[in-house]
Amino acid sequence: MPTLLLVDGSSYLYRAFHALPDLRNKAGEPTGAVYGVVAMLRKLAADNKLHGGAEHRAVVFDAKGKTFRDDWYPEYKAHRPPMPEDLVAQIPAIHDCVRALGWPLLMVDGVEADDVIGTLARAAEARGIDSVIVTGDKDLAQLVSPRIRLVNTMTKGSEPPEVLDEAGVVGKFGVPPGRIVDYLALVGDAVDNVPGVEKVGPKTALKWIGQYGSLDAIVSHANEIGGAVGENLRRHLDFLPLGRRLLTVACDVPLPTDLDGLVPAPADHDRLAELYRHLEFRTWLREVTG
């Protein structure tokens, strides 16, 4: 079965940066995030059991600058701290290594990596191609379907990767993929600075979705919900449609390539040798120089 392997590069470069020690080369340049991302991609490429030898692959990163969500809601991600300088310094080397390893790399101005991933996964689904999305981002659970699953390869310790199919999403979040956005709109998303209903946490959100079936139905029955949380819900009604819109992954954004352009290339050993020599990744350098 043809498979599309999509790596959420923006999610993983942060995870690599925080998970690894402060590695540096002799020039004092930080290299830990580069090492982590390269190690992950090497492991992924070799794990045919995970992705079935995916014929189509891409690593997707957020582009610089604002997105369409900032136009909808100027406070979107407003509280997110800037990227650490030591991570900013490693981005060019991360991108260079990804390309030299033969992975297609995508960054699309004006949209988030999630939207690029969603658009590609749905396009693959329409063609009968399975997608494996490698990420630690809970928002992407809304994309899961019989042909799309999430894999988190950066679980702690020696645990196997977390794999979320439709049943896995229900088991982890308590709602199916089609209700993830409803759930998030109710509880909010602090990372993206999208407020939910005040004092409504996962337990209440799941109760309401279980009782009424959907966010739209909850809104329709808002006057029936008593107590302080009912009052909070009614005060938040005007924002809920925007909140859900902000948290919905766009699956129809224009892309610079289609699935047929996402075919991995042979690794560029000369370029990898140059990069590994500068970064002082000695074991990998020996591999590519013989």
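**Helix packing, a pocket and two unusual phi values**

Helix H6 and helix H14 (residues 269–279) pack with their axes 9 Å apart, at an angle of about 145 degrees. Keep in mind that this is a predicted model. Another helix pair worth a look is H9 (residues 180–187) with H10 (residues 202–212), at about 135 degrees. Then there's the largest pocket, with about 1,400 Å³ of space in it, plus a couple of residues with a positive phi, Lys77 and Glu280.

**H6 against H14**
- The crossing here is left-handed as H6 passes H14.
- On the H6 side you'll find Ala93, Asp96, Cys97 and Ala100, and they meet Arg271, Leu272, Leu275 and Leu279 of H14.
- Sort those contact residues by class and you get six nonpolar, two charged and no polar.

**H9 against H10**
- The axes of H9 and H10 sit 9 Å apart.
- At about 135 degrees, the two helices are therefore oblique to each other.
- H9 and H10 cross in a right-handed sense.
- H9 brings Asp182, Tyr183, Leu186 and Val187 to the contact, while H10 brings Pro202, Ala205, Leu206, Trp208 and Ile209.
- Eight of the residues in this contact of H9 with H10 are nonpolar, one is charged and none is polar.

**The largest pocket**
- A total of 45 residues line the largest pocket, and the ones nearest its centre are Ser10, Tyr14, Asp62, Lys77 and Arg80.
- Several helices chip in with at least two lining residues each: H1 (9–19), H4 (68–72), H6 (91–100), H7 (113–126) and H13 (240–247).
- H1 gives the most, with six residues.
- As for chemistry, the lining of the largest pocket mixes 19 nonpolar, 17 charged and nine polar residues.
- H6 turns up twice in this briefing, since it supplies part of the pocket lining and also packs with H14.

**Backbone oddities**
- Most residues other than glycine have a negative phi.
- Lys77 isn't a glycine, yet its phi is positive, at about 55 degrees.
- You'll find Lys77 in the loop between H4 and helix H5 (85–88), and it is also one of the residues nearest the centre of the largest pocket.
- Glu280 is another non-glycine with a positive phi, this one about 65 degrees.
- Glu280 lies in the loop that runs between H14 and helix H15 (282–289).

Note on methods
Residues numbered from 1 in each chain as written. Predicted model: local features only at pLDDT ≥ 70, side-chain atom pairs only at ≥ 80, totals over all residues. Heavy atoms only, no water. Axes fitted to C-alpha atoms, helices over the stretch in contact; angles between N-to-C directions. Helix = DSSP H or I, 4+ residues; strand = E, 2+ residues; numbered from the N terminus. Parallel < 35°, antiparallel > 145°, perpendicular 65-115°, else oblique. Left-handed = near helix turned anticlockwise from the far one by under 90°. Contact = heavy atoms within 4.5 Å. Nonpolar A, V, L, I, M, F, W, Y, C, P; charged D, E, K, R; others polar. 1 Å grid on protein atoms, 1.4 Å probe; cavity = no way out; pocket = protein on both sides within 12 Å on 5 of 7 lines; lining within 4 Å. Points joined across faces, edges and corners; volume = space filled by probe spheres on them.
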